[in-house]
Amino acid sequence: MGYTLLTQPILNEMHTPEKHSQLFSFEFYPPKSPEGAISLQQVYSKLAELNPDFFSVTFGAGGSTRDKTFDTVVDIQNQGTAAAPHLSCVASTKANIRSILKDYQDNGISKIVALRGDLPSGMMSAGEFRFANELVEFIRQESGDHFEIHVAAYPEVHPQSESATSDFKNFKRKVDAGANAAITQYFYNAEAYFYFVDKCEKSGINIPIVPGIMPITQYTQLFRFSEMCGADIPRWMRKRLESFGDDKASVQAFGLDVVSELCQRLLDQCAPGLHFYTMNQSVPCLAILDRLKI
Ligand code: FAD
């Protein structure tokens, strides 16, 4: 299931459901402790058996996990699976980003998830980059076509954007600057994704827009995350989840049903693949993929 750099003819085919080869990827955050590192290695080993296209590793706000992201990415790549570091540019300098890109290039990393990121609390200056399109442009200037660049997309609209229209224009700026693919913020409303993809096609955006999938394993943290990142939890889902209270097994069974059905619908229609926000756990993703018979 190798992930080839996408050329125009392939992209056009990818929107025909029967023909596209689907892309699967898993996202980790860098481990915070030696125990976390051991656990992540086990999670990685289980998920690597599925032969995903790549694993991606997040980058802490303001570069706070720079070394840990680097170590995790290189470790994954050395174990034989492609790895893509996330790189956020807010609060960073061009010299700093240049040096990070060079380190990745020197270590054989060829995919990158390019983001603006969010300013860590208490930090006032945005640095030399204001938005992710400027980072994409900078990566292309510095390293030509070396990196396959993935950017973030928001079918339910980024929470800080002025309007849905301006947010879409801003997304297009990232594509015009040289992004090869996009990964969406997670969502539970499939229609938002279909509408977004349709709008991309009508606007001449032909890169794959891969849905980001957040498995549901508990709900307090999910509500908190969703509030922050602007992901809508539909009322009927919220009410169901609330009604389960401390009954973790029911939350997980419901989450598995809902998210598996969402994934099936996305793949049956036009999604070019799935990107899983694993939260460094393998079991919820494996359960979904098992339902999907992948
Ligand atoms: P941008 O594309 O720059 O957009 C940010 C906001 O600015 C939007 O409201 C947009 O409409 C507006 N905007 C963009 N360009 C312009 C412009 N030229 N003029 C005016 N307004 C503009 N965060 C992390 O800290 N680390 C991670 O590893 C990480 N990984 C992520 C992975 C994925 C797949 C996703 C979807 C998000 C991730 N995030 C991560 C969160 C992300 O950093 C935040 O959502 C952040 O608020 C926006 O980043 P962006 O790259 O989408 O920014």
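**Reading the ligand shell and helix crossings**

Biologist: A polar side-chain atom of Asn170 is found 2.9 Å from an oxygen atom of the ligand; what is a polar contact?

Modeller: A polar contact is a pair of N or O atoms within 3.5 Å, and the Asn170 pair at 2.9 Å is one example. Tyr154 places a side-chain N or O atom 2.7 Å from a ligand oxygen, while for Asp167 the distance between a polar side-chain atom and an oxygen of the ligand is 2.6 Å. The structure is a predicted model, in which local features need pLDDT of at least 70 and side-chain atom pairs count only at pLDDT 80 or more, whereas totals for chains, interfaces and linings use all residues. Residues are numbered from 1 along each chain as its sequence is written, and side-chain values use heavy atoms, with hydrogens and water left out.

Biologist: How much of the ligand's area does the protein bury?

Modeller: Accessible areas come from the Shrake-Rupley method with a 1.4 Å probe; the ligand taken alone exposes 980 Å², of which the protein buries 86%.

Biologist: Which elements give two or more residues to the shell around the ligand?

Modeller: Helices are DSSP runs of H or I with at least four residues, numbered from the N terminus, and here α5 (132-143) and α6 (164-176) are the elements that do so. The largest share, four residues, is that of α6. A residue is near the ligand if one of its heavy atoms lies within 4 Å of it; of the 22 residues around the ligand, those that come nearest are Phe59, Asp118, Tyr154, Asp167 and Lys174.

Biologist: How do I read the angle between two helices, and at what angle do α3 and α4 cross?

Modeller: Axes are lines fitted to C-alpha atoms over the stretch in contact, with angles from 0 to 180 degrees between N-to-C directions; those under 35 degrees count as roughly parallel, over 145 as roughly antiparallel, 65 to 115 as roughly perpendicular and the rest as oblique. The axes of α3 (residues 66-78) and α4 come within 11 Å and cross at roughly 15°, which makes α3 roughly parallel to α4. For α4 (residues 94-106) and α5, the axes also come within 11 Å, but the crossing is at roughly 55°, and these two helices are therefore oblique to each other.

Terms used:
A polar contact is a pair of N or O atoms within 3.5 Å; within protein, one must be able to donate a hydrogen and the other to accept it, and residues adjacent in sequence count only if both atoms are side-chain atoms.
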